Amino acid sequence: MEVIWALNISWDAEKYTSDFSFVHQYGNSLLDLIDGENLTVLDLGCGNGALTKELAVRGHDAEGMDASEELLHTARTNHPELRFQQGDAVRLRTEKPYDVVFSNAVFHWIDRELQPEMLARIFDALKPQGQLIFEFGGYGNNALIHGALRREFEKRKLAYHMPFYFPTIGEYTSLLEQGGFLVRSALLLDRPTKLNGGDGLYDWVRMFVKTPFEGLHPAVAEEIIQSAVEELRAVLYHGGSWYADYVRLRCKAVKAPPEREAIFTL
């Protein structure tokens with residue numbers, strides 16, 4: 001298996017599992033999009049393995065893959081009966097084809113220019129008529145949060161580099177079709193998400209927004225986050241709880257038959 005590291009992020013796997021369980025919990029309904037029983041499934045970007053386990057409970061021959069050794073350690077510890085391997089989606093080559101490639105909350109971590117290559121590798125990893133089922137951040141995802149952070153950066157004459165890719169339905173379904181997939185369904189949905197604890201938003205930024213802060217003095221980073229959180233209190237703090245302004249892009253596509261592939265490549 002050939003692997004290129006598209007992500008270079010260190011995760012606090014324990015905190016991710018305990019405080020951000022909504023990530024995999026929202027993925028449970030995504031599993032309902034899988035057609036068929038007893039299928040071979042690759043859970044791409046499996047994280048702590050919670051959804052890989054749910055796939056197995058539903059009767060599928062499931063295995064997980066993730067770029068994070070920290071999260072894989074948790075997955076292997078919690079689910080020793082399942083197979084997990086280290087790797088990510090870009091330039092992926094698998095030893096066998098799968099009936100389904102499943103991915104939850106992963107693709108927005110991959111830069112736009114790497115998306116076609118990622119989709120090509122996933123295409124190759126699927127059996128004929130294989131299913132690609134996924135959900136990730138779509139257009140407008142966490143716009144309030146990133147907007148507040150950008151303003152705080154700019155106040156200090158610093159550039160805020162968006163660390164994620166949040167496409168529209170039209171943009172991403174076009175990428176899928178160009179990659180030989182036939183799109184069966186696509187949905188962009190608002191999902192305001194309750195965060196855990198009185199410091200929920202602060203903790204969320206610390207967990208998920210890392211690359212814009214690289215190279216900054218810790219005191220400056222802390223000041224930026226605290227100021228952004230206070231700015232957002234009026235719009236994202238309700239009834240004693242913090243919320244993140246999530247927008248998700250949920251899609252189902254299938255590996256098109258050869259005659260369909262020919263149409264896409266004309």
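**Entry 1: strand β4 and its partners**

I started at V41, which stands opposite V100 in β4. The model is a predicted one, and I read every entry here with that in mind. V41 led me to strand β1 (residues 40-44), which runs parallel to β4 and is joined to it by three bridges.

I then looked for a partner strand further along the chain. β4 also pairs with β5, again in the parallel sense, over six bridges. For a residue pair in this pairing I noted Y98, which stands opposite L126 in β5. To get from β4 to β5 the chain passes through helix α5 (residues 115-125), and I recorded this β-α-β crossover as right-handed.

Is β4 enclosed or open to the outside? I checked burial along residues 98-104, and seven of the seven are buried, so the strand is largely enclosed by the rest of the structure.

**Entry 2: N141**

Next I followed the chain past β5. N141 sits in the loop between β5 (126-137) and α6 (143-155). I looked up its accessibility and found a relative accessible area of 3%; the residue counts as buried because this is under the 20% cut-off.

What does the side chain of N141 reach? I found the backbone nitrogen of V247 at 2.7 Å from it. I also noted a polar contact of 3.3 Å between the side chains of N141 and R248. Setting aside neighbours within four places in sequence, I listed the contacts of N141 as H146, F166, D245, Y246, V247 and R248. V247 and R248 therefore appear both in the contact list and in the entries on the side chain of N141.

**Entry 3: I225**

I moved on to helix α9 (residues 218-236), where I225 is found. Its relative accessible area is 1%, and I put it down as buried.

Which residues does I225 touch? Not counting residues up to four places away in sequence, I wrote down Y202, V205, R206 and F213. I took the C-alpha to C-alpha distance for one of these, Y202: it is 6.8 Å from I225 in space, with the two positions 23 residues apart in sequence numbering.

**Entry 4: the whole chain**

Last, I collected the totals. The chain has 10 helices and eight strands. Of its 266 residues, 50% are buried. I looked at contacts between residues at least 6 apart in sequence, and 77% of them join residues at least 24 apart. For the accessible surface I noted about 12200 Å², with 51% of it belonging to carbon and sulfur atoms.

Definitions and conventions. Residues are numbered from 1 along each chain as its sequence is written. This is a predicted model: local features need pLDDT of at least 70, side-chain atom pairs count only at pLDDT 80 or more; totals for chains, interfaces and linings use all residues. Side-chain values use heavy atoms; hydrogens and water are left out. Helices (H or I, at least four residues) and strands (E, at least two) are DSSP runs, numbered from the N terminus. Buried means under 20% relative accessible area, exposed over 50%, partly exposed in between (1.4 Å probe, protein chains only). A polar contact is a pair of N or O atoms within 3.5 Å; within protein, one must be able to donate a hydrogen and the other to accept it, and residues adjacent in sequence count only if both atoms are side-chain atoms. Contact means heavy atoms within 4.5 Å. Two strands pair if DSSP finds at least two bridges between them. A crossover is right-handed if, with the strands pointing away from the viewer, the path from the first strand over the helix to the second runs clockwise. Accessible areas come from the Shrake-Rupley method with a 1.4 Å probe; for residues, only the protein chains shown count as cover.
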